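Colleague: I am new to this structure and should be grateful for a close look at a single part of it. Please take one sheet, describe how it is put together, and then relate it to the rest of the chain.

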Amino acid sequence: MKKKCKPIFRGGIPSWIWKTLMFMKLTCLFILLAVFQSFATKSVAQVTQISVDLKNTTLENVLQTIEEESNYYFLYSRSVIDVTEKVDFKVDGANVKQALDQLFNGTNIDYKIEGRQIVLTQNEKAFAQQTLTVSGTVTDNTGAGLPGVTVIVKGTTNGIVTDFDGNYTLKNVPGDAVLVFSFVGMSMQEVPVAGKTAISVTLEEETVGIEEVVAVGYGTMKKSDLTGSISSVSAERIASVGTSSVMGALQGASAGVDITTNSTRP
């Protein structure tokens, strides 16, 4: 005969109901812990007081000072956040949130506090709308400044020419623009601004193959720069013509060339 399994009771409550109640209690406990941790994190960020007074220093130095003052630490990518930018920063008895709001006000940097971590990201909308004043120096491969280099915002007419020492300052540059550096005899170079205010470049000499150069009567030109065709008449061809006039020797020697004499004067 088969034995029937009797339900197990705990304190008069069936075991499956008891297990369900325990699971619900644990779930509520975890939710309360998460809420408490979030509340505690916000409270610490709002209570911790810091005092910083730094002038003409890098953003990286400011972030390190805040870490030392608050026991928070920052997480960011150097390819996204330019921590070499020079800033002035002063707060006296401000909490972490107030200090960060002041530090990143008017920039394209967003922050998010997660526990003891402060994650820095880039505000794409502000980044695209932000206009900057970009300056720098253009040099050759020897390190000498290049005067007369054209620096222009790609796709616009906003540009400038470097001074005698190769320096330039260009205003109203979008944060997501691309700067184009060009100079005669040098390879053109395109550099993304990416929110930076200081961009210096080194231009390399442009190498032209001898097969790409054509000799003309007043210098040399690239074949790609010519708008018409070029033909030549050899010295042997001129010598074989029985005439003492060079013009007469060239008559009919090159296709498309007609030579006329308006008078008997040389």
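Modeller: The part I have chosen is an open sheet of three strands, arranged in the order β4-β7-β6 with mixed pairing. Please bear in mind that this is a predicted model. The edges of the sheet are taken by β4 (73–75) and β6 (109–114); each has a single partner strand, so one side of each is left without a neighbour in the sheet. On average, neighbouring strands here are turned by 30° against each other, direction ignored.

The mixed character of the pairing can be followed strand by strand. On one side, β6 pairs with strand β7 (residues 117–122) in the antiparallel sense, over six bridges. Within this pairing, D110 stands opposite T121 of β7. β6 and β7 form a hairpin with two residues between the strands, and G115 there takes a positive phi near 65°. On the other side, β4 and β7 pair in the parallel sense over three bridges. Here Y73 stands opposite Q117 in β7.

The two faces of β7 deserve separate mention. In a regular strand, side chains alternate between the two faces of the sheet. In β7, the covered face carries I118, L120 and Q122, whereas Q117, V119 and T121 belong to the uncovered one. T121, the residue opposite D110, is thus named on the uncovered face, and Q117, opposite Y73, is named there as well.

Two helices pack on this sheet. Helix α2 (residues 59–70) touches β4, β6 and β7, and its direction makes about 135° with that of β4. Helix α3 (residues 96–103) also packs on the sheet and touches β4, β6 and β7; the direction of α3 makes about 165° with that of β6.

Some side-chain arrangements belong to this part of the chain. The charged end of R116 sits over the ring of Y72, 5.1 Å from the ring centre. The structure as a whole holds two aromatic pairs. One of them joins F104 and Y111: the ring centres are 6.2 Å apart and the planes stand at 40°, so the pair is tilted. F104 has 6% relative accessibility and therefore counts as buried, while Y111, at 22%, counts as partly exposed.

The other aromatic pair leads to another region. Y168 and F181 are arranged edge-to-face, with 5.8 Å from centre to centre and 75° between the planes. Y168 lies in strand β11 (residues 167–174) and F181 in strand β12 (residues 178–182), so this pair ties together parts that are 13 residues apart in sequence. Both Y168 and F181 are buried.

F181 also has a place in a strand pairing, since it stands opposite V151. The strands concerned, β9 and β12, pair in the antiparallel sense over four bridges. Strand β9 (residues 150–153) shows alternating side chains: V151 and V153 point to one face and are buried, while T150 and I152 point to the other face and are not. β9 is also joined by three bridges to strand β10 (residues 159–161), and these two run antiparallel. V151 has I160 as its bridge partner in β10. Together β9 and β10 form a hairpin with five residues between them, and G155 in the turn has a positive phi of about 85°.

The loop between β9 and β10 contains N158. With a relative accessibility of 25%, N158 counts as partly exposed. Leaving aside residues up to four places away in sequence, N158 touches V151, I152, V153, L170, K171 and N172. The C-alpha atoms of N158 and L170 are separated by 8.2 Å, although these residues are 12 apart along the chain.

Finally, the setting of these parts is the whole protein, which has six helices and 16 strands. Of its 266 residues, buried ones make up 24%. The protein exposes about 18500 Å², of which carbon and sulfur atoms supply 56%. Among contacts between residues at least 6 apart in sequence, 50% join residues at least 24 apart.

Methods
Residues numbered from 1 in each chain as written. Predicted model: local features only at pLDDT ≥ 70, side-chain atom pairs only at ≥ 80, totals over all residues. Heavy atoms only, no water. Phe/Tyr/Trp six-rings, centres within 6.5 Å; stacked < 30°, edge-to-face > 60°. Buried < 20%, exposed > 50% of the residue type's maximum accessible area, 1.4 Å probe, protein only. Lys NZ or Arg CZ within 6 Å of the ring centre and 35° of its normal. Contact = heavy atoms within 4.5 Å. Areas by Shrake-Rupley, 256 points an atom, 1.4 Å probe, with all protein chains shown as cover. Pairing = 2+ DSSP bridges. Axes fitted to C-alpha atoms, helices over the stretch in contact; angles between N-to-C directions.
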